[in-house]
Amino acid sequence: MFILTTISDLVQISPEDFQKPSAESIEDNLNAKYANKVVQKIGLCICVYDILSASDGLIGHGTGIVNVNVECRLIVFRPFKGEIVAGRISSASEDGMRIALDFFDDIFVPSNLLFPDSTFNVQEQCWVWSNEGQEYFYDKTDWVRFRVEQEHWTDLSPVAPSLRETAAYSERKSPYSITASMMQAGLGPVQWW
C-alpha cells in the first residue's frame with residue numbers, strides 16, 4: 001500500500017529559513033512541495049522519508065535564495081493491483097459504492113464488481129447481498145475489505161481563468177483514483193467474516 005520512491009529536485013531555501021539546520025530546511029521545503037499531493041504515475045505523496053544527497057547551495061544573484069539539488073525518498077500511497085485494503089463505505093448509489101481511507105477517498109466499487117445477487121436498496125441508500133435466503137447489508141461507515149483492480153490517472157493541467165466557468169471545468173476529475181472489487185470470499189464488510 002505504501003512504497004518508497006526516489007526523486008531528484010531543485011529546492012530553493014529562502015533567507016528566513018537560514019536559521020534552521022540545512023537538512024531541516026530542505027526537508028521542510030520538500031514536504032511543502034510534495035506532501036498530500038498526487039504526482040502522476042507515482043501516487044499520493046505522504047511525506048519525505050529521508051534525504052539521500054544534497055549538493056552545495058548556490059546563492060541566487062540579488063534574491064538571496066539558496067538553490068540546492070536534492071535526491072530524496074518519499075513515502076507514497078500506491079496500492080498494487082490485487083492488494084487487499086480496508087476502508088469505510090462513505091456513500092452508495094445505483095452505480096456502486098465509494099470507499100474512504102483516513103487520508104484518501106477516491107476509491108470506487110462499481111456495482112458489477114460486488115457479489116452476484118447484490119441489489120441497491122433505494123429506501124435505505126445501501127447495497128444488499130442476498131445469499132442463501134439471507135440479506136447482508138453494506139451499511140454506510142461499515143469497515144470493508146476490498147481488492148484493488150485498477151488505477152486511473154488524470155492529468156490536471158491548469159485552466160485559463162476565462163474557461164473556469166465552463167461545464168468541462170466543473171466536471172474535473174481526481175488526479176488519482178482507484179477502482180476496486182468486493183466479490184470474493186473475505187471481501188466486503190468485516191463483520192460478515
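**Strand pairing, salt bridges and a nonpolar surface patch**

In the predicted model, three strands form an open sheet in the order β9-β10-β11, and their pairing is antiparallel. The edges of this sheet are formed by β9 (118-121) and β11 (134-138), each of which pairs on one side only. Averaged over the sheet and with direction ignored, neighbouring strands are turned by 30 degrees against each other. Strand β10, which covers residues 126-131, is joined to β11 by 5 bridges, and the two strands run antiparallel. Within this pairing, V128 stands opposite F137 of β11. In general terms, the strands of a sheet pair through backbone hydrogen bonds, in either a parallel or an antiparallel manner.

A further set of pairings involves strand β12, which spans residues 143-153 and is joined by 5 bridges to strand β6 (residues 84-93), the two running antiparallel. Here V85 stands opposite F146, a residue of β12. Strand β12 is also joined to strand β13 (residues 176-181), through 6 bridges and again with the strands running antiparallel. One of the positions in this pairing is Q150, whose bridge partner in β13 is T179. A third pairing of β12 is made with strand β14, which comprises residues 188-189; 2 bridges join these strands, and they too run antiparallel. In this case V144 has P189 of β14 as its bridge partner. As a general feature, the side chains of a regular strand alternate between the two faces of the sheet.

Side chains of opposite charge can pair when their charged atoms come close, and a search of the whole structure finds 6 salt bridges. Among them is the contact between the side chains of D50 and R73, with an N to O distance of 2.7 Å. This pair links distant parts of the chain, since D50 belongs to strand β3 and R73 to strand β5 (residues 66-77), with their positions 23 residues apart in the numbering. Both partners retain some accessibility: D50 is partly exposed, with a relative accessible area of 23%, and R73 is likewise partly exposed, with a value of 25%.

Strand β12 also contributes to the salt bridges through E151, whose side chain meets that of R78 at 2.9 Å, taken from N to O. Because E151 lies in strand β12 whereas R78 lies in the loop between β5 and β6, the pair ties together parts that are 73 residues apart in sequence. With a relative accessibility of 25%, E151 counts as partly exposed, and R78 is also partly exposed, with a relative accessible area of 25%. Another salt bridge is formed between the side chains of R147 and E149, at 2.8 Å from N to O; of these residues, R147 is partly exposed, with a relative accessible area of 25%. In addition, D17, K20 and D28 are linked with one another in a network of salt bridges.

The surface also carries a nonpolar patch of about 320 Å², which is made by M1, F2, I46 and F103. Of these residues, I46 is found in strand β3, which covers residues 43-54, and D50 of the salt bridge described above also lies in strand β3. The relative accessible area of I46 is 31%, and the residue is partly exposed. Patches are made of residues with over 30% relative accessible area, so I46, at 31%, meets this cut-off.

Key
Residues are numbered from 1 along each chain as its sequence is written. This is a predicted model: local features need pLDDT of at least 70, side-chain atom pairs count only at pLDDT 80 or more; totals for chains, interfaces and linings use all residues. Side-chain values use heavy atoms; hydrogens and water are left out. Patches are made of residues with over 30% relative accessible area and no salt bridge: like charges are joined within 9 Å, nonpolar side chains (Val, Leu, Ile, Met, Phe, Trp, Tyr) within 5 Å. Accessible areas come from the Shrake-Rupley method with a 1.4 Å probe; for residues, only the protein chains shown count as cover. A salt bridge is a side-chain nitrogen of Lys or Arg within 4 Å of a carboxyl oxygen of Asp or Glu. Helices (H or I, at least four residues) and strands (E, at least two) are DSSP runs, numbered from the N terminus. Buried means under 20% relative accessible area, exposed over 50%, partly exposed in between (1.4 Å probe, protein chains only). Two strands pair if DSSP finds at least two bridges between them. Axes are lines fitted to C-alpha atoms, for helices over the stretch in contact, and angles run from 0 to 180 degrees between N-to-C directions.
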